[in-house]
Amino acid sequence: MAAQPSHAATGSGSAGTGSLGHGKEGLAALSPRERDILDAIIAGETSKETARRLSLSPRTVEVHRAHILKKLGAKNTADLLRRVLLDQ
């Protein structure tokens, strides 16, 4: 089966639950760099701001964002924030 584009990635059975798609293990599944990117998303940084601060290319930040969305079962950034902040 071919990999889905990041914008089409959805969680498994998490729609409408208001929590992380994969429970607490979802956050634990993030790499340290993905946690850095998630913290930047929560802080409201743009991808360009995050890239400058972490000495990465903006495209690398976008790839990490897409991986975070997929791992946590979020449909978009707003859904990601809702899931992460409600789960705390």
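1. A residue is called buried when its relative accessible area is under 20%, exposed when that area is over 50%, and partly exposed in between. Lys71, with a relative accessible area of 31%, is therefore partly exposed. The model discussed in this note is a predicted one, and the points below should be read with that in mind.

2. Lys71 is a good place to begin, since its side chain meets that of Glu34 in a salt bridge, at 2.8 Å from N to O. Lys71 belongs to helix α4 (residues 58–72) and Glu34 to helix α2, so the pair ties together parts that are 37 residues apart in sequence. The two partners are not alike in their surroundings, for Glu34 counts as buried at 4% relative accessibility, whereas Lys71 is partly exposed.

3. Helix α2 (residues 32–43) also holds a salt bridge between the side chains of Arg33 and Asp36, for which the N to O distance is 3.5 Å. Because Arg33 and Asp36 are three residues apart in this helix, they are separated by about one helical turn. Arg33 counts as partly exposed at 29% relative accessibility, and Asp36, with a relative accessible area of 32%, is partly exposed as well. As a general matter, side chains of opposite charge can pair when their charged atoms come close.

4. How many salt bridges does the structure hold? The total is five, and one of them lies within helix α5, where Arg83 pairs with Asp79 and the closest N and O atoms are 2.9 Å apart. Arg83 and Asp79 are four residues apart, which is about one turn of the helix. Arg83 is buried, with a relative accessible area of 1%, and Asp79 is also buried, at 9%. Salt bridges with shared partners join Asp79, Arg82 and Arg83 into one network.

5. Arg83, which lies in helix α5 (residues 77–87), has a further polar partner besides Asp79. A polar atom of the Arg83 side chain lies 3.2 Å from the backbone oxygen of Gly73, so that this buried arginine, at 1% relative accessible area, has both a salt bridge to Asp79 and a contact with the backbone of Gly73.

6. Which residues of α5 are buried? They are Asp79, Leu80, Arg83 and Val84, and because they cover an arc of only 125 degrees around the axis, they are on the same side of α5. On the other side of the helix, Ala78 and Leu86 are exposed. The elements that cover the buried residues of α5 include α2 and α4, the two helices that the salt bridge between Lys71 and Glu34 ties together.

7. The start of α5 deserves a separate look, because it shows a contact between a side chain and the backbone: a side-chain oxygen of Asn76 reaches to within 3.2 Å of the backbone nitrogen of Ala78. Ala78 is also one of the exposed residues named above for α5.

8. A last point concerns the loop between α3 (47–54) and α4, where Ser55 has its place. The phi angle of Ser55 is near 55 degrees, a positive value in a residue other than glycine. With a relative accessible area of 67%, Ser55 is exposed, since that value is over 50%.

How values were computed:
Residues are numbered from 1 along each chain as its sequence is written. This is a predicted model: local features need pLDDT of at least 70, side-chain atom pairs count only at pLDDT 80 or more; totals for chains, interfaces and linings use all residues. Side-chain values use heavy atoms; hydrogens and water are left out. Buried means under 20% relative accessible area, exposed over 50%, partly exposed in between (1.4 Å probe, protein chains only). A polar contact is a pair of N or O atoms within 3.5 Å; within protein, one must be able to donate a hydrogen and the other to accept it, and residues adjacent in sequence count only if both atoms are side-chain atoms. A salt bridge is a side-chain nitrogen of Lys or Arg within 4 Å of a carboxyl oxygen of Asp or Glu. The arc is that of the directions from the helix axis to the C-beta atoms. Contact means heavy atoms within 4.5 Å.
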